[in-house]
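Reader: I am new to this structure and should be grateful for a close look at one part of it. Could you choose a single element, describe its surroundings, and then follow its contacts outward?

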Amino acid sequence: MTSDFDTRKAEAATWFRSLRDAIVAAFEALEDAGPGEAPAGRFEVSETRRAGAAGEDAGGGLMSVMRCGRVFEKVGVNVSTVHGQLGAKAQAAMAARGVPGMAEDPRFWASGISLVAHMQNPHVPAVHMNTRMFWTPHAWWFGGGADLNPCIEYAEDTAHFHAALKAACDAHDPGYYTRFKDWADEYFFVPHRGRARGVGGVFFDDLNTGDWDADFAFTKAVGQAFLPAFVPLVERRRATAWGEVERDIQLVHRGLYAEYNLVYDRGTKFGLETGHDANAVLMSLPPLAKWI
């Protein structure tokens, strides 16, 4: 199974990198057209590395972060391809998800893209997107999704975002959108607050229909749908007037977002437990937040 998947793993990693490049270019174009006289923001790019158990190279990626732009207050777009052996906690987590043989052969390979954008204007929604592939000698799957996190919701923005994701889902399976929308509503819920962290989107994990090409094509479609789903919302709201009241609402909402990512998010837990660069893992946290 290992040799059979070498080409597929390389293909997936190349795709995630190309999606990262397209999103970075689109976000910098939004900065160029953004309001105000401040210089347009640009991404600062740095390499990330994962050290294996014995200190050997275990892959890495690129962390791209833009701060204090005209449109984006902080946005990170990370891509990584890592490999090695899972530790005891991660092995137990994989076994709990039904992956066989982890105790005997705990090798893994994972590649993906993850982004979180926190906006300057409170009328522009924050957003999250990720897609990924995970492989072990015993199983493989895809996962990911995108969800919108406005602090001030506009029904038409929510409808647009969901329509773009629904179109991507419907092109592959007419049941995917309802299934993965419901999963997002469940997954992006903050139990200790009794509320969702945003207005949802789609979320899927452990996707393995037995047809790698079909599952990869769907995962690519979700990634390709992101910019058409999000960019028009930025263009629509970035020049809307706002003041201290709206800023306060935004900062309080960011506190909710931070709570979710630190307490419940699977990606955060996995990244920290497997030794990936902590700054890259915690890139999703907002630059400023507020609790009352």
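**A strand and its surroundings**

Author: F108 has a relative accessibility of 2%, which is under the 20% limit, and therefore counts as buried. The model is a predicted one, and the values that follow were computed from it. F108 belongs to strand β4, the element chosen here.

Strand β4 runs over residues 107-119, and 11 of its 13 residues are buried, so that the strand is mostly covered. What lies beside β4, and in which sense does it pair? Strand β3, residues 72-85, pairs with β4 in the antiparallel sense over 13 bridges. One contact of this kind joins K74 to its bridge partner in β4, H118. Strand β5, residues 126-136, also pairs with β4 in the antiparallel sense, here over nine bridges. In that pairing, M129 of β5 is the bridge partner of L115. The chain passes from β4 to β5 through a hairpin of six residues. In a regular strand, side chains alternate between the two faces of the sheet.

The surroundings of β4 also include open space. β3, β4 and β5 are among the elements that each supply at least two residues to the lining of the largest pocket. Further contributors of at least two residues are α2 (88-96), β9 (200-207), α6 (244-263), α7 (266-273) and α8 (278-281). The largest share, seven residues, comes from α7. This pocket has a volume of about 1,000 Å³. Its lining comprises 45 residues, and those nearest the centre are R132, R266, G267, T268 and F270. By class, 21 of the lining residues are nonpolar, 16 are polar and eight are charged.

The second largest pocket has a volume of about 280 Å³. Helix α6, already named for the largest pocket, gives the second largest pocket the largest share of its lining, six residues. The lining consists of 16 residues, with R195, I249, V252, H253 and L256 nearest the centre. Eight of these lining residues are nonpolar, three are polar and five are charged.

The aromatic contacts lead back to β4. The structure holds 24 aromatic pairs. One of them joins F27 and F230, whose ring centres are 6.2 Å apart and whose planes meet at 65°, so the pair is edge-to-face. Because F27 lies in helix α1 (residues 2-32) and F230 in helix α5 (residues 212-237), this pair ties together parts that are 203 residues apart in sequence. F27 counts as buried because its relative accessibility is 0%, and F230 is likewise buried, at 0%.

A second pair, F108 and F134, has its ring centres 5.7 Å apart and its planes at 10°, so it is stacked. This pair links distant parts of the chain, F108 in β4 and F134 in β5, 26 residues apart. F134 has a relative accessible area of 8% and is therefore buried. The two strands thus share a hairpin, nine bridges and a stacked pair of rings.

Elsewhere, Y176, F180, W183, Y187, F188, F203, F204, F218, Y260 and Y264 form one aromatic cluster. Charges are also placed over rings: the charged end of K9 sits over the ring of W135, 3.9 Å from its centre, and that of K220 sits over the ring of F216, 4.7 Å from its centre.

Key:
Residues are numbered from 1 along each chain as its sequence is written. This is a predicted model: local features need pLDDT of at least 70, side-chain atom pairs count only at pLDDT 80 or more; totals for chains, interfaces and linings use all residues. Side-chain values use heavy atoms; hydrogens and water are left out. Buried means under 20% relative accessible area, exposed over 50%, partly exposed in between (1.4 Å probe, protein chains only). Helices (H or I, at least four residues) and strands (E, at least two) are DSSP runs, numbered from the N terminus. Two strands pair if DSSP finds at least two bridges between them. On a 1 Å grid over the protein atoms alone, a cavity is a set of points where a 1.4 Å probe fits but cannot get out, and a pocket is an open set with protein on both sides within 12 Å along at least five of seven lines; lining residues have an atom within 4 Å of a point. Grid points are joined across faces, edges and corners, and a volume is the space filled by probe spheres set on the points. Ala, Val, Leu, Ile, Met, Phe, Trp, Tyr, Cys and Pro count as nonpolar, Asp, Glu, Lys and Arg as charged, and the others, Gly among them, as polar. Rings of Phe, Tyr and Trp (its six-membered ring) pair if their centres lie within 6.5 Å; planes under 30 degrees apart count as stacked, over 60 as edge-to-face and the rest as tilted. A charge sits over a ring if NZ of Lys or CZ of Arg is within 6 Å of the ring centre and within 35 degrees of the ring normal.
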